[in-house]
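Let's take a walk through this structure together, starting from a single side chain and working outwards. Keep the view open beside you as you read.

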Amino acid sequence: MLCGMLLATSAPTGLLSSPGLFSSAMWAQQNDSATPVVVQPGPPGKPSRTLPPSTRATLPPRSHADVEFMQGMIMHHSQAVEMTALIASHTENKDLRSLGARISSSQSDEIKFMQRWLAARGEPVSIPMKEPMQGPMMGAMSGMPDRDMSSHTSRQPGALMPGMLTQEQMAALRKAKGADFDRLFLTGMIQHHHGALTMVKDLFDTAGAGQDADVFNFATDADNTQRAEIRIMQTMLENLFEKRPSEEKR
C-alpha cells in the first residue's frame, strides 16, 4: 500500500524577510509551480523514503491472505467465546470470571468487526471447504502449516487453526469443576492465545498481506492484547498452583 504525503515547498527565506515584500511572498507561495515532494512512510522502526514526483497513490490489491486471516480468526475467536461461556456454571473464581467476561466481550465485538470487513468485500465469513473432512484431525487448512492446531468443535469440523483446543480438551473442560476447571481453562486459553499470535505472525510474514489499514490495525491490536492477557493468565495459573498445596494440607 502506498501512502503519499504531499509536502508543499515554501518560499525562499530571503524573500519573506525582505521589507515590503510580504504580500508578494504570499502570492508566490500560492502560485509556486515547484514539484511537490512525495514521501512514503516506512514500517514501524524504519525510515521514510522520498518517491519520484510521478508517483501516484493506489489502493492495495485484494490480499487473499487477509481474507483467510479474518475468516480463520473468526473461527478462532468463536472457540474462545465458547470456552468463556462455561465459566459461570463451572467456577466461583472471581478473577477468572472477570477475565472471561473481558475476553468474551472483546472477542465477540471483534468477530462482528471481522464479519463486517468480509461482507463489505463480498467474502464469506467462514472458510470455504473444497472437500468434506472425514475427521477432526484430517489436516490443516489449505496453505496453513501443520503445527499446534485442532478442530473447531462445533461449527467447522476438520478446520484446524493454531492453538485451538481439540475435542478431547474441550470435553475435559466441560466436565471439570472448581479449581480443576480453572487450571484447564487457563492452560487452554494460554495455548489458544499463543495460536492467535502465530496467526498474526503468519499474516505479516506473508508478502503483500496485512497492508490493508483495517487488517493491520486489528492484527496489531490483537497481538498486543493477547500478549498482555497471556501474562495475566500465567500469573493466575502460578497463583493457582501455589494455593493448591496449602489447601491439600488442611
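Leaving aside its neighbours within four places in sequence, which residues is histidine 90 in contact with? In this predicted model, the partners are Leu173, Arg174, Ala176, Lys177, Gly178 and Phe181. Histidine 90 itself lies in helix 4, which covers residues 87-90.

Is histidine 90 buried or exposed? Its relative accessibility is 10%, and because buried means under 20%, histidine 90 counts as buried. Two polar links involve its side chain. One runs to the side chain of serine 89, a polar contact at 2.8 Å. In the other, the histidine 90 side chain reaches the backbone oxygen of arginine 174 at 2.7 Å. Arginine 174 is thus one of the residues already listed as being in contact with histidine 90.

Gly178 and Phe181, also on that list, bring us to helix 7, which spans residues 178-205. Its axis and that of helix 3 (residues 64-84) come within 11 Å and cross at roughly 170°. Angles over 145 degrees count as roughly antiparallel, so helix 3 is roughly antiparallel to helix 7. If you would like to trace the contact in your viewer, helix 3 contributes Ala65, Asp66, Phe69, Gly72, Met73, His76, Gln79, Ala80, Met83 and Thr84. From helix 7 come Phe185, Gly188, Met189, His192, Gly195, Ala196, Met199, Val200 and Leu203. Sorted by class, the contact of helix 3 with helix 7 has 11 nonpolar, 7 polar and 1 charged residues.

Next, let's visit helix 8, which runs over residues 213-249 and holds threonine 220. With 27% relative accessibility, threonine 220 counts as partly exposed. Its side chain reaches the backbone oxygen of phenylalanine 216 at 2.8 Å. Glycine 210 sits 10 residues away from threonine 220 along the chain, and the C-alpha atoms of the two are separated by 9.6 Å.

Now step back to the whole chain. It has 8 helices and 5 strands, and reading along the sequence gives the pattern β-α-α-β-β-α-α-α-β-β-α-α-α. Of its 250 residues, 38% are buried. Among contacts between residues at least 6 apart in sequence, 69% join residues at least 24 apart. As for the surface, the chain exposes about 14,500 Å², with carbon and sulfur atoms supplying 56% of it.

Notes:
Residues are numbered from 1 along each chain as its sequence is written. This is a predicted model: local features need pLDDT of at least 70, side-chain atom pairs count only at pLDDT 80 or more; totals for chains, interfaces and linings use all residues. Side-chain values use heavy atoms; hydrogens and water are left out. Axes are lines fitted to C-alpha atoms, for helices over the stretch in contact, and angles run from 0 to 180 degrees between N-to-C directions. Helices (H or I, at least four residues) and strands (E, at least two) are DSSP runs, numbered from the N terminus. Angles under 35 degrees count as roughly parallel, over 145 as roughly antiparallel, 65 to 115 as roughly perpendicular and the rest as oblique. Contact means heavy atoms within 4.5 Å. Ala, Val, Leu, Ile, Met, Phe, Trp, Tyr, Cys and Pro count as nonpolar, Asp, Glu, Lys and Arg as charged, and the others, Gly among them, as polar. Buried means under 20% relative accessible area, exposed over 50%, partly exposed in between (1.4 Å probe, protein chains only). Accessible areas come from the Shrake-Rupley method with a 1.4 Å probe; for residues, only the protein chains shown count as cover. A polar contact is a pair of N or O atoms within 3.5 Å; within protein, one must be able to donate a hydrogen and the other to accept it, and residues adjacent in sequence count only if both atoms are side-chain atoms.
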